[in-house]
Protein chains: 2
Amino acid sequence: MSINRHGISIGEVSSGDALLFLTDEQLRQGIEAMFFAYRGFTSAPDAILEGLDYGRAHHRALHFIARGQGMKVKRLLDILGITKQSLNRVLRSLIEDGLVDSRVGTADKRERHLYLTEAGAALEARLSEAQRRQMRAAYRQAGPEAVAGFRMVLEAMMDTGMRAAHASLRDGGT
Amino acid sequence: MSINRHGISIGEVSSGDALLFLTDEQLRQGIEAMFFAYRGFTSAPDAILEGLDYGRAHHRALHFIARGQGMKVKRLLDILGITKQSLNRVLRSLIEDGLVDSRVGTADKRERHLYLTEAGAALEARLSEAQRRQMRAAYRQAGPEAVAGFRMVLEAMMDTGMRAAHASLRDGGT
DNA sequence: CATCTTAAGTCAGCCTTGTTGACATTCCAA
DNA sequence: TTGGAATGTCAACAAGGCTGACTTAAGATG
């Protein structure tokens with residue numbers, strides 16, 4: 001069995017062995033890696049947002065609206081996991097600035113369906129391009145097998161509710 | 001470069017292969033997974049901190065002080081990547097509450113060296129136990145190979161400065 | 001020795017983004 | 001017709017970032 005530079009044994013490990021390598025030290029390194037990596041993960045879009053009058057919260061809203069055009073406010077709230085008051089502040093400025101269009105639902109007129117305008121789509125594209133560029137670089141450097149493992153661990157780290165939300169987004173839910 | 005049990009080199013993968021699977025859709029899934037997973041990652045310690053008068057910032061300070069007892073304030077600032085004013089607010093309350101001890105340096109008396117008191121160590125242990133439990137569950141579920149990949153991608157996602165900080169922590173830097 | 005620089009701390013004020021609580025409107029559904 | 005859901009809004013507050021300005025102590029260097 002080989003040991004890589006992270007000190008994590010790879011090779012044929014039985015489930016009994018799997019317990020062995022989960023020392024507190026290994027776990028702590030993973031925790032710290034997650035902390036540092038998350039900063040790298042957000043740095044590119046953050047740099048773009050700086051100067052524009054927007055923050056990370058705006059980016060997140062734009063991202064998920066782009067992902068599911070026509071998405072209802074309620075669904076966006078569930079995905080983001082914040083209060084409607086918090087979301088509203090962000091959403092209002094995006095609507096006022098003409099980046100997001102909020103249309104009254106046709107079937108149920110209480111609902112608002114959210115769409116990106118051309119300007120909104122343009123900013124979203126710019127932000128997500130920057131973030132994908134970073135992600136792509138990391139993926140390339142680590143290689144395809146590492147990426148598969150990365151995704152597996154992330155899925156396992158989500159709590160159940162979020163895993164469901166993520167899955168429904170992945171599979172084109174609305 | 002290491003070769004895993006599938007005989008596929010990880011590290012320098014020919015750029016042709018790497019490009020194949022890096023569709024924008026794949027990258028977006030990774031981005032969203034990172035977003036959702038980070039929430040799961042912080043939820044356990046957050047739950048403990050709620051009710052105590054502390055927040056995530058206190059947790060981070062406790063974590064890194066525990067990691068390197070006697071750490072200088074300057075070094076903690078560099079690791080956390082925040083301003084001294086921000087850190088000071090957090091550190092002051094930890095010191096006042098008797099969780100952290102700040103001692104004047106012996107060699108260079110300008111420096112303050114930070115230590116956890118017994119109470120501080122106890123809280124830190126409680127927080128980090130909770131976070132390790134989550135991490136351990138995710139690692140177990142994903143398996144050792146996935147964990148190795150996870151770590152590789154995270155390392156690649158850090159920017160250079162943070163990778164250095166992380167490495168120095170990993171290798172017992174002070 | 002005099003001066004420059006570094007480490008640390010502090011005060012004041014500001015911004016973003018989260019939180020509660022209260023309340024209005026609209027409208028589906030029982 | 002009435003209850004409850006979805007949405008929006010106002011007000012107030014907290015955490016945790018930020019900048020700018022200034023002090024104190026002490027090492028480093030000419």
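**Exercise 1. Strand pairing in chain A**

Find which residue of S5(A) stands opposite A:Lys72, and place that pair within its sheet.

*Solution.* Start from the pair itself: in this predicted model, A:Lys72 faces A:His113, a residue of S5(A). Next, consider the two strands concerned, for S3(A) is joined to strand S5 of chain A (residues 112–116) by two bridges, and the two run antiparallel. Then widen the view to the sheet, which is open, consists of three strands in the order S3-S5-S4 (chain A) and is paired antiparallel. Finally, identify its edges: strand S3 (71–72) and strand S4 (100–104) of chain A each pair on one side only and are the edge strands.

**Exercise 2. The fold of chain A**

Describe how helices and strands follow one another in chain A, and state what percentage of its residues is buried.

*Solution.* Begin with the inventory, which for chain A comprises eight helices and five strands. Reading along the sequence then gives the pattern β-β-α-α-α-β-α-α-β-β-α-α-α. As for burial, 36% of the 174 residues in chain A are buried. To finish, turn to the contacts in chain A with a separation of 6 or more, of which 49% are between residues 24 or more positions apart.

**Exercise 3. The surface near DNA strand C**

Determine how many residues surround DNA strand C, which elements contribute to this surface, and how its residues divide by class.

*Solution.* The count comes first: 23 residues surround DNA strand C, and the closest are A:Gly55, A:Thr83, A:Ser86, A:Lys109 and B:Lys74. Two or more residues each are given by helix H3 (56–67) and helix H5 (84–96) of chain A, and likewise by helix H4 (73–80) and helix H5 (84–96) of chain B. H5(B) gives the most to this surface, namely four residues. Sorting the residues of the surface near DNA strand C by class, one finds twelve charged, eight polar and three nonpolar.

**Exercise 4. The contact between the chains**

Work out how many residues of chain B are in contact with chain A, and which helix of chain B gives the most to that side.

*Solution.* On the side of chain B, 57 residues are in contact with 58 residues of chain A. The elements of chain B that each supply at least two residues of this side are helix H1 (15–20), helix H2 (24–49), helix H6 (118–142), helix H7 (144–157) and helix H8 (160–170). H2(B) gives the most, with 15 residues. By class, the side of chain B that touches chain A holds 31 nonpolar, 13 polar and 13 charged residues.

How values were computed: Residues numbered from 1 in each chain as written. Chains lettered and ligands numbered in written order. Predicted model: local features only at pLDDT ≥ 70, side-chain atom pairs only at ≥ 80, totals over all residues. Near = placed C-beta within 6 Å. Nonpolar A, V, L, I, M, F, W, Y, C, P; charged D, E, K, R; others polar. Buried ≥ 20, exposed ≤ 12 C-beta atoms within 10 Å, placed from the backbone. Contact = placed C-beta atoms within 7 Å. Pairing = 2+ DSSP bridges.
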